Amino acid sequence: MSRRRTALGALVAAALVAGTGTAGATADATGNRLAGPDRFSTARVVAEQTFPDGATVALLASGRSFADALAASYLSGAGQLPLLLTEPHGLPADLTDTLRALNVEGVLVLGGTAAVNESVVDQLESEGFDVDRLAGDDRYETARRIAELLPQDAVGSFGAGRAAIVATGEAFPDALAAGPLSASQGMPILLTEGGALNAHAQAALESLDIEQVLIAGGPAAVSDAVVDAIEAMGIAVRRVAGASRQATAAALAEVARGELSYPTERVLLARGDSFADALAGGTRGGHLFAPILLISAAGTLGVDARSFISDNAGTIATVDALGGTAAVSDATLNDAVAAARGQ
Amino acid sequence: MPVNAPPRSGDPVLDTEQPIAAVLVPASGAADVPVPHVTATLNANGSVTVSVVIPEGTPPGVYFVAIVGTDANGNSRTIIVPIVVRRVVTAAGVSAADPASFQPAASTVEVPASVRALQASLSEAEVAEAETAVLEDGATLVIEGERLVVSRPSTDDSTRPLIAAAAVALVGGSLIAVRRRPATRKVAR
């Protein structure tokens, strides 16, 4: 707290103009790898490439667990905030350099002290950053607090009206693939146990006056009992799922393309069996209106990702690989690029 | 067509003829702070500049300014702008057509009596140096205890209270700091 400063007041002026930087369709697709030597570095690369103009505030979540980082997509999209990752008990090397390169002045830590220890906050403050923490007692309450932080009007619409995404908090793939939709459309991600609707998720659905829920994932991830509980609240529910996590990701991508007007000029490839390099993908996907596709294994593109890419061949100009070759091999990336070229 | 479809360049953002309100949301989850003074200006290039005055006494920390208005299609639209409230008073008038340009604007904050006392001892040379530091070098002003500190980006640890006080004098009694990067945000919904 040594450099905490007291406010006297401020005048803020913001020029607001629409624009997504979309490019024309092309069949000359290329691959783009976003990777560092570890998950923390990969997140930094993602942040730097996604927010080249920098950001006043950055989000910081644990890189050793997935829940808080995935729920962060909503805030990242709403405020155009990069997401960076940290070790629970100490800042990764060079993270503060990245924050400075992005012109970050304030950091919002997501998650409790078990996820991001107070020593990390102290390190950041000693480096001159203003730091706040947003947390609940567990991942479900943290997701709720993220969802409820901004005014209700900030929540976006889909289907029947004001919308949120509900996904399991017990596994990462579905919430990861839902990240771009959350970020781009202003739909908070609420986490639940698979068997019953979590009380914090239920409370957020009520407080935000949610009218439409997208369930990300099949009944094995989010049971029909959860669906019934949400519908009993008078909320319309739509399940977006496939037979596998890869198929669910492809189904969410199809919703993004077909119903949310994603230009689908870019897709993100992430490993479906490990979250390490993919956690910041939701922020990038939302910022660039690019869906995340999950691959079967580092060396296997998989039928679901391939099918989506092939269906959009000629439109997809860039395929981003999240992580190094241990996450998405060169062969897999090349395979995806070839599919985007219609080969 | 969903309300929140990705905008295309040239889409209307906010209708300046309609009411625009703002609220300051602490990132820590504390209670929201109403923002009483909000002005919106339609620029020649079609962009909209919204200015809000953060209430005096706002505690330091990370905040989101939630600007609620109506777009040209009559849809409610909420714009979220993250800010960091520090002792530094930051101002930036921004042109969307030329984001690199900015104009400093004075806040409504009164200079503390202790700072005014410092100003009396400054020479013209010190005033000139302060002007360079703040307006050309991108330095910022920070109040720490009873003194002002100026920090240049290249020398973060430099503490020059008298020069900072001189910079305050430059703007006629209103506390002001300037930063290079404008508070420009693309609207992604």
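**Exercise 1. Decide whether A:L214 is buried or exposed, and find what surrounds it.**

A:L214 is buried, because 24 other C-beta atoms lie within 10 Å. The rule applied is this: a residue is buried if 20 or more other C-beta atoms lie within 10 Å of its own, exposed if 12 or fewer, and partly exposed in between, with C-beta atoms placed from the backbone. This is a predicted model, in which local features need pLDDT of at least 70, side-chain atom pairs count only at pLDDT 80 or more, and totals for chains, interfaces and linings use all residues. Residues are numbered from 1 along each chain as its sequence is written, and chains are lettered from A and ligands numbered from 1 in the order in which they are written.

Next, place the residue: A:L214 sits in strand β10 (residues 212-216) of chain A. Helices (H or I, at least four residues) and strands (E, at least two) are DSSP runs, numbered from the N terminus.

Then list the neighbours. Leaving out residues up to four places away in sequence, A:L214 touches A:F158, A:A163, A:I165, A:M187, A:R238 and A:V240. Contact requires C-beta atoms, placed from the backbone, within 7 Å.

**Exercise 2. Work out the strand order of the open sheet of four strands in chain A.**

The order is β4-β3-β5-β6 (chain A), and the pairing is parallel. Two strands pair if DSSP finds at least two bridges between them. At the edges are β4 (83-86) and β6 (130-134) of chain A, each of which pairs on one side only.

Now take one pair. Strand β5 (residues 106-110) of chain A is joined to β6(A) by five bridges. Within this pair, A:V107 has A:V131 in β6(A) as its bridge partner.

**Exercise 3. Describe how α6(A) packs against α8(A).**

Start with burial. Helix α6 (residues 139-149) of chain A has eight of its 11 residues buried, so it is largely enclosed by the rest of the structure. Among the buried ones are A:Y140, A:R144 and A:A147.

Then the geometry. The axes of α6(A) and helix α8 (residues 199-207) of chain A come within 8 Å and cross at roughly 10 degrees. That makes the two helices, α6(A) and α8(A), roughly parallel; angles under 35 degrees count as roughly parallel, over 145 as roughly antiparallel, 65 to 115 as roughly perpendicular and the rest as oblique. Axes are lines fitted to C-alpha atoms, for helices over the stretch in contact, and angles run from 0 to 180 degrees between N-to-C directions.

Last, the contact. A:Y140, A:E141, A:R144, A:A147 and A:E148 in α6(A) meet A:H200, A:A201, A:A203, A:A204 and A:S207 in α8(A).

**Exercise 4. Compare the places of A:D209 and A:S261.**

A:D209 lies in the loop between α8 and β10 of chain A, and its phi is near 55 degrees. With 11 other C-beta atoms within 10 Å, A:D209 is exposed.

A:S261 belongs to the loop between α10 (245-259) and β12 (266-271) of chain A. Its phi is near 60 degrees, and A:S261 is partly exposed, with 17 other C-beta atoms within 10 Å. Most residues other than glycine have a negative phi.

**Exercise 5. Trace the hairpin of β5(B) and β6(B).**

Strand β5 (residues 61-70) of chain B runs antiparallel to β6(B), with 10 bridges between them. One bridge pairs B:V68 with B:T78 in β6(B). Five residues lie between the strands, and B:G74 takes a positive phi near 85 degrees. In strand β6 (residues 76-85) of chain B, nine of the 10 residues are buried.

Definitions and conventions:
Two residues are in contact if their C-beta atoms, placed from the backbone, lie within 7 Å.
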